[in-house]
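Trainee: Could you take me on a close look at one part of this model, the open sheet, and then show me how the rest fits around that part?

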Amino acid sequence: MSFSHDQVYGWIRAFAAAIAENKDYLTELDSAIGDADHGINMNRGMQAVLAKLEGGGQADVGALLKTVGMTLVSTVGGASGPLYGTLFLQMGSSAAGKPHLSEEDWTDAVAAGVSGVQRRGKAELGDKTMIDALVPAVEALRSSLADGSTAGEALNRSAEAAREGMIATIPLVARKGRASYLGERSADHQDPGATSSWLLLRTAADTLAAKDS
Amino acid sequence: MKKLINDPADVVKEALQGVALAHADRVRVMTDPNVVVRADAPVAGKVGLVSGGGSGHEPMHGGFVGMGMLDAACPGEVFTSPTPDQMLAATKAVDGGAGVVHVVKNYTGDILNFEMAADLGREEGIEVESVVIDDDVAVQDSLYTAGRRGVGTTVLAEKICGAAAEQRRSLADVADLCRKVNANGRSMGMALTSCTVPAAGKPTFELGEMEMEIGIGIHGEPGRERKVVAPVHDIVEMLATPIVDDLPFTAGDRVLAFVNGMGGTPLIELYIVYYELHRFLSGRGIEISRNLIGPYITSLEMQGCSITLLKLDDDLTALWDAPVNTPGLRWGA
C-alpha cells in the first residue's frame with residue numbers, strides 16, 4: 001500500500017478545506033490566548049497553496065510538499081508560517097524524488113517534518129503548542145509500523161493521537177509562543193496550533209486511509 | 001466594526017499605496033513582497049538597518065524609514081509578523097556593503113521569520129546581525145515563557161541606531177549599540193479599550209466600561225491585571241513603578257521619557273500622563289533630559305498609553321539629537 005502524488009495532493013486540498021471550514025473556530029481559540037489570527041493566517045496560506053498547486057509542475061511527492069512549504073513560508077506570517085512551512089519543507093526533503101510514498105516513507109516524512117518544527121520552534125512536549133498534537137501522532141505512526149498495522153490503521157491512529165494531544169493542551173500552561181505571556185491564564189484553553197495540527201492529521205486519515213480500505 | 005477601510009483584505013496594500021504617494025521624497029514602496037525602503041537605498045558604506053513586524057502599529061515601522069533611522073521596514077498583515085521573503089528583499093535592497101542589522105521585536109513569529117531571513121541573507125553573502133528588543137516589564141521573563149515582549153524601546157533603538165549608522169559606525173558597533181539601548185530601556189502599557197483587527201471584525205478582547213488592562217501588549221494581549229479605571233495619577237504610578245524598579249532607574253539618572261499613545265487616545269491625555277510621569281520621576285530624583293510624546297507604536301484604535309524610560313549617557317543623547325528625516329519622526333533635517 002502506498003500513497004500516490006494525486007492522493008497526497010488530495011490530502012493538501014482536504015487540509016485547505018478543513019482550515020477554511022474552521023477558520024473562525026481557530027481564530028476564536030487564538031483570541032483566547034493569542035492574537036486572534038491563526039485561522040485567518042492559515043487560511044490565507046492554504047488558499048495560496050491551492051492556487052500555486054493548480055499550476056502543476058510538481059513532478060513527485062517531495063516537490064509537491066516543498067512547494068506547499070515554500071508557499072506557506074511566504075504567505076502565512078506569524079509563527080505558523082515558519083513552523084508549518086518548515087513542517088512541509090522537511091516532509092518534502094524526506095520524500096524527495098519519490099513518485100509515491102509507502103507507509104514507511106509517510107512515517108519518515110511526517111517524523112522529519114515534526115522534528116523540523118521542533119528545531120525551529122524549540123518547543124517541548126507539554127509546552128502547549130502544535131508539538132503536543134504532532135509528536136504523539138509520529139509515535140502512533142511508528143508503533144503502527146512496528147506492529148504491522150495497515151496504512152489505514154496507522155493513519156487513523158495518528159489522527160486519534162493528535163486529537164488526544166490537542167485535547168490534552170487544554171489544562172496546560174503555555175511556555176512557548178504568545179500564549180506564554182498569559183502564564184496561568186493560558187490554562188483551560190485549547191491550543192489553536194495543536195488544533196490545526198490535528199486537522200492536518202485528521203484530513204490525512206480521511207483522504208489517504210479511505211483509499212487504503 | 002466601523003473603520004475607514006474598503007475591504008479588510010486590502011488594508012495593508014492600500015495603506016502602503018498611500019504611504020508611497022505621500023512620502024515619495026523619502027521612501028519607495030516595493031510590492032510583491034511588501035517592503036518600505038529608503039528612497040536612496042542602498043547607501044554605500046553604511047550599515048543597513050531593517051526592521052519589521054505586523055501592521056497596525058503605525059507609524060512604526062514604515063513611518064520610521066528615512067535618513068537617520070531605518071533603511072527598510074517589512075510590514076506584515078495586521079498584527080502578524082512579516083515573512084522571510086520580505087525581510088530578504090529588504091536586506092538585499094539596503095545592503096550598502098557594510099552589512100545589515102535586523103531589529104526584531106521579541107514575538108515568536110517575528111523571531112522565527114527573521115531567523116529564516118537572516119539564514120537566507122547570509123546564504124546570499126550579506127553580513128546580517130540580529131538584535132532582539134524585549135523591554136516590556138509587564139511580562140515575566142523566564143525560561144518558561146517566550147520572554148519579554150518588544151515594545152516602546154524599539155522606536156528609540158531605531159532612531160539611535162539609525163543615527164549611528166549615518167556616522168558610518170561598523171556593523172558590530174551598531175548591533176552592540178542596539179543591544180545597549182535594549183538593555184537600558186524598559187516599558188509598560190495599559191489599555192482603556194480593546195481594538196479590532198480588520199480581518200477579524202470584532203474586538204480582540206472585551207473590556208468593561210469601567211475596566212482597564214494594566215500591562216497590555218501592543219496586539220491586545222492581556223497584561224498583568226484588570227482593574228477598575230483610576231485617575232491618571234494612579235495609572236502612571238502603576239506603570240512607572242515596575243519600570244523604575246526593574247532596571248532599576250535611580251536618583252541621578254538621566255532618562256529619555258517616552259509617553260506613547262496606543263492609537264485612540266488624544267494628545268491632551270498623553271500630556272497629562274507626561275505631567276504625572278514628570279512628577280513621579282522628580283520625586284525619585286530621576287531627571288528627564290529628553291522626551292517623546294505621541295502615538296508612535298500604536299495598537300490600531302486602542303485607547304491607552306505606554307511609558308518607556310531609557311537611561312541616557314552622552315553618546316545615546318547625541319545620537320538621539322542627531323538629524324532624522326522620516327515620515328514619522330523628523331528634526332534637524
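**The open sheet and its surroundings**

Mentor: Sure. In chain B, six strands make up an open sheet of mixed pairing, in the order β1-β2-β4-β3-β5-β6. Its edges are β1 (27–30) and β6 (128–133) of chain B, each of which pairs on one side only. Ignoring direction, neighbouring strands in this sheet are turned against each other by 20° on average. Before going further, keep in mind that this is a predicted model.

Start at the β1 edge. β1(B) pairs with β2(B), residues 35–38, in the antiparallel sense, over 4 bridges. One pair to look at is Val29(B), whose bridge partner in β2(B) is Val36(B). Now swing over to the other edge, where helix α5 of chain B (residues 171–184) packs on the sheet. That helix touches β5 (100–105) and β6 of chain B, and its direction makes about 5° with that of β6(B).

The loops between these strands have some backbone oddities. Most peptide bonds are trans, and most residues other than glycine have a negative phi. In the loop between β1 and β2 of chain B you'll find Pro33(B), and the peptide bond joining Asp32(B) to Pro33(B) is cis, with omega about 0°. There's another cis bond from Met60(B) to His61(B), with omega near -5°; His61(B) sits in the loop between β3 and β4 of chain B.

Next, have a look at Lys46(B), in the loop between β2 and β3 (48–55) of chain B. Is this lysine, Lys46(B), buried or exposed? It has 22 C-beta neighbours inside 10 Å, so Lys46(B) counts as buried. Leaving out residues up to four places away in sequence, Lys46(B) touches Gly96(B), Ala98(B), Ala165(B), Glu166(B) and Arg168(B). Pro59(B) is 13 residues from Lys46(B) along the chain, and their C-alpha atoms are separated by 24 Å.

From the sheet, move on to helix α3 of chain B, residues 108–123. Its 16 residues should span 22 Å at 1.5 Å a residue, and the end C-alpha atoms are 23 Å apart, which agrees. Buried residues in α3(B) include Ile111(B), Leu112(B), Phe114(B) and Met116(B), along with Asp110(B) and Asn113(B). After α3(B) comes Gly125(B), with a positive phi near 85°.

α3(B) also takes us to the partner chain. Altogether, 29 residues of chain B are in contact with 27 residues of chain A. On the chain B side, the elements giving two or more residues are β4 (72–78), α2 (84–94) and α3. Of these, α3(B) gives the most, with 5 residues. By type, the chain B side divides into 13 nonpolar, 12 polar and 4 charged residues. So one of the sheet strands, β4(B), is also among the elements that touch chain A.

What does that partner look like? Chain A has 9 helices and 2 strands. Its C-alpha atoms fill a box of roughly 45 × 40 × 30 Å along the principal axes. For 213 residues, a compact globule would have a radius of gyration near 17 Å, and chain A, at 16 Å, agrees with that. Of its 213 residues, 61% count as buried. A helix to pick out is α5 of chain A (residues 80–94), where 14 of the 15 residues are buried, so α5(A) is largely enclosed by the rest of the structure. α5(A) reaches 21 Å from its first C-alpha to its last, close to the 21 Å expected.

Now zoom out to the whole of chain B, which has 8 helices and 14 strands. Its C-alpha trace spans about 50 × 50 × 40 Å along the principal axes. With 333 residues, a compact globule would have a radius of gyration near 20 Å, and the 19 Å of chain B agrees. Of those 333 residues, 59% count as buried. Counting contacts between residues at least 6 apart in sequence, 72% of those in chain B join residues at least 24 apart.

One last stop, well along chain B: Leu300(B), in the loop between β11 (287–294) and β12 (304–311). Leu300(B) isn't a glycine, yet has a positive phi of about 55°. With 23 C-beta neighbours inside 10 Å, Leu300(B) counts as buried.

Terms used:
Residues numbered from 1 in each chain as written. Chains lettered and ligands numbered in written order. Predicted model: local features only at pLDDT ≥ 70, side-chain atom pairs only at ≥ 80, totals over all residues. Rg over C-alpha atoms; globule rule 2.2 N^0.38 Å. Buried ≥ 20, exposed ≤ 12 C-beta atoms within 10 Å, placed from the backbone. Contact = placed C-beta atoms within 7 Å. Expected span 1.5 Å × (residues − 1). Pairing = 2+ DSSP bridges. Axes fitted to C-alpha atoms, helices over the stretch in contact; angles between N-to-C directions. Nonpolar A, V, L, I, M, F, W, Y, C, P; charged D, E, K, R; others polar.
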